[in-house]
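Q: Please take a close look at a single helix in this model. Which face of the helix is turned inward, and what lies around it?

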Amino acid sequence: RAGGDRVSRPRILVYGVGAIGGLFAGKLVRAGFDVTALARGDRAAHLREKGLVLRDALQGTSETFRLSVIEKLSPEDIYDYVLVVMQKHQVGAVLPILARNSSPNIVFVVNNASGYDEWIEAVGTRLMIGFPSAGGERRDGVVEYFVGRGLARVFQSTTFGELDGSNSLRLRRLVAIFRKAGFSPTWTRHIGDWQRTHVAVVLPI
């Protein structure tokens with residue numbers, strides 16, 4: 001059963017296994033978490049056959065991870081955290097699926113500076129917001145990535161927040177999960193303002 005008591009090894013779904021979603025999934029698996037990836041078609045087949053392959057773009061090292069793969073999210077399939085990691089224009093298609101599912105925490109790690117009304121309507125108070133200090137691309141099934149460190153982390157950390165600004169228990173647990181996975185995360189009381197204004201720093205960089 002999922003819920004607030006599952007602290008040491010929460011059940012996590014990564015919904016969208018592109019560059020950032022793949023990076024999250026692999027690092028979370030390596031940190032010992034129970035991770036499932038939602039992918040479809042050729043991507044799902046590749047993950048099942050060859051595993052999730054991450055290549056550090058700066059160091060040139062590669063790792064392969066085995067993880068559970070599903071192609072659809074059923075209403076009764078409950079995770080402690082669902083990480084929605086995709087481009088904003090893709091989110092609308094998955095909102096009805098997330099609305100029918102009963103997982104308690106839906107974390108949209110999506111670049112969005114225009115507000116969350118549609119997301120709130122779909123998932124209500126289960127909504128949490130995040131943004132990665134990482135980048136990369138997927139080529140031939142391999143995720144080539146970098147994680148923000150040093151000066152890059154000064155300008156933009158992997159950041160999470162609650163819409164009401166609270167430092168909730170579920171937020172603290174999410175930050176702890178990503179810290180254990182090696183992301184040096186932080187949180188903000190003003191995640192909406194953060195997303196609306198971070199572009200002023202990121203674009204010049």
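A: This is a predicted model. Start with the buried positions of helix 6: Arg170, Leu171, Leu174, Val175, Ile177 and Phe178. They sit on the same side of helix 6, because they cover an arc of only 155° around the axis. Each of these residues has a relative accessible area under 20%, since that is what buried means here.

The length of helix 6 checks out too. It runs over residues 169–180, twelve in number. At 1.5 Å a residue the helix should span 16 Å, and its end C-alpha atoms are 16 Å apart, so the two agree. Just after helix 6 comes Gly182, with a positive phi of about 95°.

One contact leads from this helix to the core. Leu28 touches Ile177, one of the buried residues of helix 6. Leu28 also touches Ala181, Ile12, Phe33, Val35 and Leu83, leaving aside residues up to four places away in sequence. The largest nonpolar core has 39 residues. Leu28 is among those with the most contacts inside it, along with Phe24, Leu52 and Leu83. Helix 1 (residues 19–30) gives this core its largest share, six residues. Another core lies apart from it, with 26 residues, among them Val94, Phe108, Tyr116 and Trp119.

Now the sheet. It is open, has eight strands and shows mixed pairing. The order is 5-2-1-6-7-8-11-12. Strand 5 (68–70) and strand 12 (186–187) stand at the edges. Each has a single partner strand, so one side of each is left without a neighbour in the sheet. Strand 1 (residues 11–15) pairs with strand 2 (residues 34–38) in the parallel sense, over five bridges. There, Arg11 has Asp34 of strand 2 as its bridge partner. Helix 3 (residues 88–100) packs on the sheet. It touches strand 1, strand 6 (81–84) and strand 7 (106–109). The directions of helix 3 and strand 7 make an angle of about 175°.

Finally, one residue from a strand that is not in that order. Arg138 is found in strand 9 (residues 134–139). Arg138 is partly exposed, with a relative accessible area of 42%. It touches Val17, Gly18, Ala19, Arg43 and Val143, again leaving aside residues up to four places away in sequence. Its C-alpha atom is separated by 22 Å from that of Val107, 31 residues apart along the chain.

Note on methods: Residues are numbered from 1 along each chain as its sequence is written. This is a predicted model: local features need pLDDT of at least 70, side-chain atom pairs count only at pLDDT 80 or more; totals for chains, interfaces and linings use all residues. Side-chain values use heavy atoms; hydrogens and water are left out. Two strands pair if DSSP finds at least two bridges between them. Helices (H or I, at least four residues) and strands (E, at least two) are DSSP runs, numbered from the N terminus. Contact means heavy atoms within 4.5 Å. Axes are lines fitted to C-alpha atoms, for helices over the stretch in contact, and angles run from 0 to 180 degrees between N-to-C directions. The expected span of a helix is 1.5 Å times one less than its number of residues. Buried means under 20% relative accessible area, exposed over 50%, partly exposed in between (1.4 Å probe, protein chains only). The arc is that of the directions from the helix axis to the C-beta atoms. A nonpolar core is a set of buried Ala, Val, Leu, Ile, Met, Phe, Trp, Tyr and Cys residues joined through side-chain atoms within 4.5 Å.
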